[in-house]
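The following exercises are to be worked with the sequence and the coordinates at hand. Each task is followed by a solution in steps.

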Amino acid sequence: MTPREVAESYWRAECERDVEKVLEHYHSDAVFCPPGQRLVGHEQIRTFYEDSVTRFPGLEVEIVGEVRDGDRAALEWSAYLIHPDGTRRHALGANVVEIDGDRFRSVRAYFNPT
């Protein structure tokens with residue numbers, strides 16, 4: 001699989017708000033670095049996604065740009081975070097990913113967390 005294919009599958013799972021499906025896209029010892037954090041392994045990574053699902057029960061994501069070098073890629077995205085009251089918040093960012101097979105080895109996510 002290409003990094004984009006893994007990311008597309010991952011974002012489908014994240015948009016379903018299914019934390020277990022999301023974690024299936026990460027190796028058990030993967031590293032995930034959202035702004036200000038370094039999370040290693042499924043248990044630590046799970047905390048980020050559980051919090052995200054609680055805060056934003058809805059999510060829509062579209063990949064709008066890609067630069068790829070083998071098993072690594074920078075994927076620019078546009079997303080809508082949907083609050084419990086239905087309010088939609090637009091967000092832009094980029095994920096720099098490295099895959100090993102069909103799962104992430106590392107993900108560095110760049111976005112404004114406020």
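A residue is called buried under 20% relative accessible area, exposed over 50%, and partly exposed in between (1.4 Å probe, protein chains only). The model is predicted, so local features need pLDDT of at least 70 and side-chain atom pairs count only at pLDDT 80 or more, while totals for chains, interfaces and linings use all residues. Residues are numbered from 1 along each chain as its sequence is written, and side-chain values use heavy atoms, with hydrogens and water left out.

**Exercise 1. Overall form**

Determine the order of helices and strands in the protein, and compare its radius of gyration with that of a compact globule.

Step 1. Helices (H or I, at least four residues) and strands (E, at least two) are taken as DSSP runs, numbered from the N terminus. The protein contains three helices and six strands, arranged along the sequence as α-α-β-β-α-β-β-β-β.

Step 2. The radius of gyration is taken over C-alpha atoms, and the globule rule is 2.2 Å times the number of residues to the power 0.38. For 114 residues a compact globule would have a value near 13 Å, and the 13 Å of the protein agrees with this. The C-alpha trace spans about 40 × 30 × 25 Å along its principal axes.

Step 3. Of the 114 residues, 41% count as buried.

**Exercise 2. Helix 1 and the residue after it**

Identify the buried residues of helix 1, and state where Arg17 is found.

Step 1. Helix 1 has 13 residues and reaches 18 Å from its first C-alpha to its last, close to the expected 18 Å. The expected span is 1.5 Å times one less than the number of residues.

Step 2. Pro3, Val6, Ala7, Tyr10, Trp11, Ala13 and Glu14 are the buried residues of helix 1. Seen down the helix axis, they fall within an arc of 155°, so they line one face of helix 1. The arc is that of the directions from the helix axis to the C-beta atoms.

Step 3. Glu14 has a relative accessible area of 8%. Apart from neighbours within four places in sequence, Glu14 is in contact (heavy atoms within 4.5 Å) with Val22, Tyr49, Ser52 and Leu59.

Step 4. Arg17 lies in the loop between helix 1 and helix 2. Although Arg17 is not a glycine, its phi is positive, about 65°. Arg17 is buried, at 13% relative accessibility.

**Exercise 3. Helix 3 and its cover**

List the buried residues of helix 3, and decide whether Asp51 is buried, partly exposed or exposed.

Step 1. Helix 3 (residues 41-55) has 15 residues and reaches 22 Å from its first C-alpha to its last, close to the 21 Å expected.

Step 2. Its buried residues are Gly41, Ile45, Arg46, Phe48, Tyr49 and Ser52. Their cover includes helix 1 (3-15), helix 2 (19-23), strand 1 (26-33), strand 2 (39-40) and strand 6 (103-111).

Step 3. Asp51 is placed in helix 3 and is partly exposed, with a relative accessible area of 36%. Asp51 and Trp11 are 40 residues apart in sequence and 16 Å apart in space, C-alpha to C-alpha.

**Exercise 4. Cysteines**

How many disulfides does a search of the whole structure find?

Step 1. A disulfide is a covalent bond between the sulfur atoms of two cysteines. The criterion is a pair of cysteine sulfur atoms within 2.5 Å.

Step 2. The search finds zero disulfides.

Step 3. Cys33 counts as buried at 19% relative accessibility, whereas Cys15 is partly exposed at 28%.
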